[in-house]
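Visitor: Please take one part of this model and examine it closely, residue by residue. I would then like to hear how its surroundings are arranged.

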Amino acid sequence: MRIDVVTIFPEYLAPLRAALLGKAIEREKISVGVHDLRDWTHDVHRAVDDSPYGGGPGMVMKPDVWGEALDEVCASPEAPPRLIVPTPAGRPFTQRTAVRWSAEPWLVFACGRYEGIDQRVVDEAAERMPVEEVSIGDYVLVGGEVAALTMVEAVARLLPGVLGNPASAEQDSFSDGLLEGPSYTRPEVWRDRPVPDVLRSGNHAAIARWRRDQALERTYHRRPDLLDRLPAQDLNAKDRAR
Ligand SMILES: Nc1cc(-c2ccc3ccn(Cc4ccc(CN5CCCCC5)cc4)c3c2)n[nH]1
């Protein structure tokens with residue numbers, strides 16, 4: 001997979017080169033390009049923003065600079081990339097989105113700052129490539145870079161050879177529609193707190209049942225909305241009786 005990121009703060013994307021992701025890049029499982037939007041300015045001030053038409057707080061990012069940047073970064077004789085634009089006003093980014101994007105050969109992230117990017121950039125790009133405006137949560141960040149880092153990590157960990165043990169990606173929370181329950185490791189007793197007996201019983205059926213119960217209970221208390229979404233048959237008779 002090829003990933004490009006356009007930003008006025010390239011240094012914000014440095015974490016992509018670290019740890020697991022850094023290894024995957026070294027092993028050429030993923031290629032990552034980070035581009036400074038200001039490289040496509042032509043004025044002495046390297047301006048990337050201007051006042052909003054119609055008034056309102058803050059500044060908006062200029063369409064001409066973004067247009068030239070995306071023309072170059074997204075240029076390809078073959079299929080164009082999928083352009084991803086983080087924004088508070090986007091469709092929610094979920095694990096389903098990550099799974100869908102993990103099948104893409106090429107993603108380009110357009111990271112805005114200020115109050116966002118002139119809408120014509122998205123509208124014009126959509127004429128020649130798939131474009132998605134996405135939100136990573138109902139809170140307002142200062143720019144798109146942290147959102148891009150978040151989404152790149154969620155997608156990259158699903159790619160073969162990137163994650164240490166691929167199995168855990170299948171057992172992700174949300175993959176069965178529930179939050180995952182608690183996890184434990186040695187020591188057996190820590191500050192007078194023992195590991196739940198069932199986990200040391202060797203009874204795999206009982207362990208699986210206990211883990212499902214813990215997941216249901218945690219989901220019920222923390223994310224009841226996820227329970228509404230679960231297909232009824234997934235909540236077996238005992239669960240439904242809870
Ligand atoms: N999930 C998520 C993604 C982002 C995100 C992504 C990309 C950019 C580019 C700039 N910003 C900052 C910004 C954008 C918009 C406003 C205006 N808006 C007015 C109404 C109320 C909400 C805010 C203020 C600041 C960004 C923020 N935040 N959260």
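**Arginines in loops, and the ligand site**

Guide: Arginine 46 has a relative accessible area of 34% and is therefore partly exposed, a class that runs from 20% to 50%. The model is a predicted one. Arginine 46 is placed in the loop between β2 (31-36) and β3 (49-50). Its phi is near 55°, a positive value in a residue that is not glycine.

A positive phi is also found at arginine 191, where the angle is about 50° although the residue is not a glycine. Arginine 191 belongs to the loop that connects β8 with β9 (193-194). Its relative accessible area is 66%, so arginine 191 counts as exposed, the limit for that class being over 50%. Before β8 (189-190) comes the loop from α6 (167-170), and proline 187 is located there. The peptide bond between arginine 186 and proline 187 is cis, with omega about 5°.

Arginine 17 is found in the loop that leads from β1 (2-7) to α1 (19-26). With 44% relative accessible area, arginine 17 is partly exposed. When residues up to four places away in sequence are set aside, arginine 17 touches Gly22, Ile25, Val32 and Val34. Of these partners, valine 32 can be described in further detail. Arginine 17 and valine 32 are separated by 15 residues in sequence, while their C-alpha atoms are 8.6 Å apart. A polar atom of the arginine 17 side chain lies 3.2 Å from the backbone oxygen of valine 32.

Arginine 113 sits in the loop between β6 and α4 (119-125). Its relative accessibility is 11%, so arginine 113 is classed as buried, for which the value must be under 20%. Outside the four nearest places in sequence, arginine 113 is in contact with Ile8, Phe9, Tyr12, Met61, Val142, Gly143 and Glu145. With glutamate 145 there is a polar contact between the two side chains, at 2.8 Å.

Strand β6, from which the loop of arginine 113 departs, pairs with β5. Three bridges join β5 (residues 82-92) to β6 (residues 106-110), and these two strands run parallel. Within this pairing, isoleucine 84 of β5 faces phenylalanine 109 of β6. Strand β5 is also joined to β7 (residues 131-135), here by six bridges and again in parallel. Leucine 83 stands opposite valine 131 of β7.

Strand β5 leads on to the ligand, since it gives the most to the surrounding shell, namely three residues. The ligand has 17 residues around it, and those that come nearest are Ser135, Ile136, Gly137, Tyr139 and Leu141. By type, the shell divides into eight nonpolar, seven polar and two charged residues. Several nitrogen-to-protein distances can be given. An N or O atom in the side chain of serine 135 is 3.1 Å from a nitrogen atom of the ligand. For isoleucine 136, a polar backbone atom is 3.0 Å from a ligand nitrogen atom. For leucine 141, the distance between a polar backbone atom and a ligand nitrogen atom is 2.9 Å. On its own the ligand has 620 Å² of accessible area, and the protein covers 72% of this.

Technical notes. Residues numbered from 1 in each chain as written. Predicted model: local features only at pLDDT ≥ 70, side-chain atom pairs only at ≥ 80, totals over all residues. Heavy atoms only, no water. Helix = DSSP H or I, 4+ residues; strand = E, 2+ residues; numbered from the N terminus. Buried < 20%, exposed > 50% of the residue type's maximum accessible area, 1.4 Å probe, protein only. Contact = heavy atoms within 4.5 Å. Polar contact = N/O pair within 3.5 Å; in protein donor to acceptor, adjacent residues only side chain to side chain. Pairing = 2+ DSSP bridges. Near = heavy atom within 4 Å. Areas by Shrake-Rupley, 256 points an atom, 1.4 Å probe, with all protein chains shown as cover. Nonpolar A, V, L, I, M, F, W, Y, C, P; charged D, E, K, R; others polar.
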